[in-house]
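This report goes through selected local features of one protein chain. Please keep the sequence and the structure at hand while reading.

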Amino acid sequence: MVSLKDIANRCGVSVATVSKALNDQPDVGQETRDRIKNLADELGYFTNSAARALKTNRTHNLGVLFVDEGHRGLTHEFFAALLNSFKDEAEQEGYDITFINNRNVGGKKITYLQHCMYRGVDGLLMACVDFYDEEVQDVVNSSLPLVTIDHVFNNRAAVLSDNVGGVETLVSYAYSLGHRKIAFIYGEPTAVTENRKIGFHRACEKYGLTIPDGYIIESRYYDPELCYTITAQILSLPDRPTCILFPDDFSLAGGIRAIHEAGLKVPDDISVMGYDGVIVSQLMTPRITTLQQDTDSLGREAAKKLIELVERPKTALLDRIIIPGNLLPGESVKQLV
């Protein structure tokens, strides 16, 4: 293994000078710094991570807390894409990624915070977790730099998809095509859901739409079977809607099955809209009108903010970064006017 001393001997400088050059300290001339770095690359030198951590008090390791109770894991297209962009941005800045859990280390069950400490992560990204879980709250109340996705804590930074604006955009689109009877099937109670409900009611208020209670029903995200049942219930109403907004593109598939089994066609007899903009929604026939969340920006901005909190803790703001989505007008909404 190549050491600092080996590089120092080859360059005719001290070990301290090599260390300063590799860490971009200002008191080493540019020519000397370049010569040392080039030789280090040529010899295949890598900084010992443990030694670097002792010197800098940082491990260049970011934790990711991702707990999916639906057991979809990284097959969940939205979160998989978000985490991939987070990983790409973090690695570009020289950070590694460690997934955090509360299962066990050496056969002993640990908490999320204990796992963060055990792995020595510099900061943590929280996505798709029960934000009210006691162990999650312990992390939130700790001194560990933290960024949350689609959830806001008063004393923490957050990166948020514009769920209010996203639903407003979908309702506005349906309204522009003549729809006045719009149903909304929404997901389980979360901060995301509450914001989407606000967006729905804001849009309806803006256009003077009166929505019957039977048009607004709670379901679950990524649950096509439950959406199938709820859609069938909506279709049985004496005055059924002309358009149904579903909680996500995956759940929408269950709704379409209920529509077909009722002898109806999309969009000829009833229109549908999804949410997320996953790839399959654009491969279906008819192509689904949906709101595509900008997973690339969500993950990238989360990584940038977390690294800023780690590297500049005294000046980094604990702000809320809102990322707008993009309407994908498909063929699943019929023009009525």
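The sections below take up one helix, the salt bridges, two buried polar side chains, the cysteines and some backbone features of this predicted model.

## Helix α10

Helix α10 runs over residues 224-235. At 1.5 Å a residue, its 12 residues should span 16 Å, and the end C-alpha atoms are indeed 16 Å apart, so the expected and the modelled span agree.

The buried residues of this helix are Pro-224, Cys-227, Ile-230, Thr-231, Ile-234 and Leu-235. They cover an arc of only 140 degrees around the axis, which places them on the same side of α10. The spacing follows a general rule: an α-helix has 3.6 residues a turn, so residues three or four places apart point the same way. The cover over the buried residues of α10 includes strands β6 (182-186), β7 (216-218) and β8 (243-245), along with helix α11 (249-261).

## Salt bridges

Across the whole structure there are 14 salt bridges. One of them joins Arg-257 to Glu-261, with the closest N and O atoms 3.5 Å apart. Both residues sit in helix α11, and because they are 4 residues apart, about one helical turn separates them. Arg-257 is partly exposed, at 31% relative accessible area. This pair also belongs to a network of salt bridges that links Glu-225, Arg-257 and Glu-261.

Helix α12 (residues 295-311) holds a pair with the partners Arg-300 and Asp-296, again 4 residues apart and so separated by about one helical turn. Their closest N and O atoms are 2.4 Å apart. Arg-300 is partly exposed at 25% relative accessible area, and Asp-296 is partly exposed at 43%. A further salt bridge connects Asp-319 with Lys-305, the closest N and O atoms being 3.0 Å apart. Asp-319 lies in the loop between α12 and β11 (320-323) and Lys-305 lies in helix α12, so this pair ties together parts that are 14 residues apart in sequence. How accessible is Lys-305, buried or exposed? Lys-305 counts as buried, because its relative accessibility is 6% and the limit for buried is under 20%. Asp-319, at 27%, counts as partly exposed.

## Two buried polar side chains

His-179 is placed in the loop between α8 (163-176) and β6, and at 1% relative accessibility it counts as buried. Which backbone oxygen does the side chain of His-179 reach? The partner is the backbone oxygen of Lys-334, at 2.6 Å. Leaving aside neighbours within four places in sequence, His-179 is in contact with Ala-174, Thr-242, Cys-243, Ser-271, Val-333, Lys-334 and Leu-336.

Thr-148 is found in strand β4 (residues 146-149) and counts as buried at 0% relative accessibility. A polar atom of the Thr-148 side chain lies 2.5 Å from the backbone oxygen of His-151. Not counting residues up to four places away in sequence, Thr-148 touches Met-126, Phe-131, Phe-153, Ala-157, Ala-158 and Val-159. Tyr-173 is 25 residues from Thr-148 along the chain, and the two C-alpha atoms are separated by 30 Å.

## Cysteines

How many disulfides does the model contain? With a disulfide taken as a pair of cysteine sulfur atoms within 2.5 Å, the count comes to 0. Among the cysteines, Cys-11 counts as buried at 11% relative accessibility, and Cys-116 is buried with a relative accessible area of 0%. Cys-227 is one of the buried residues of helix α10.

## Backbone features

Val-266 and Pro-267 are joined by a cis peptide bond with omega of about 5 degrees. Pro-267 lies in the loop between α11 and β9 (271-273). Another cis peptide bond joins Thr-285 and Pro-286, where omega is about 0 degrees. Pro-286 has its place in the loop between β9 and β10 (290-292).

The loop between β9 and β10 also contains Asp-276. Although Asp-276 is not a glycine, its phi is positive, at about 115 degrees. Asp-276 counts as buried at 10% relative accessibility. Tyr-222 likewise has a positive phi in a residue other than glycine, near 55 degrees. Tyr-222 lies in the loop between β7 and α10 and counts as buried at 14% relative accessibility.

How values were computed
Residues are numbered from 1 along each chain as its sequence is written. This is a predicted model: local features need pLDDT of at least 70, side-chain atom pairs count only at pLDDT 80 or more; totals for chains, interfaces and linings use all residues. Side-chain values use heavy atoms; hydrogens and water are left out. The expected span of a helix is 1.5 Å times one less than its number of residues. Buried means under 20% relative accessible area, exposed over 50%, partly exposed in between (1.4 Å probe, protein chains only). The arc is that of the directions from the helix axis to the C-beta atoms. Contact means heavy atoms within 4.5 Å. A polar contact is a pair of N or O atoms within 3.5 Å; within protein, one must be able to donate a hydrogen and the other to accept it, and residues adjacent in sequence count only if both atoms are side-chain atoms. A salt bridge is a side-chain nitrogen of Lys or Arg within 4 Å of a carboxyl oxygen of Asp or Glu.
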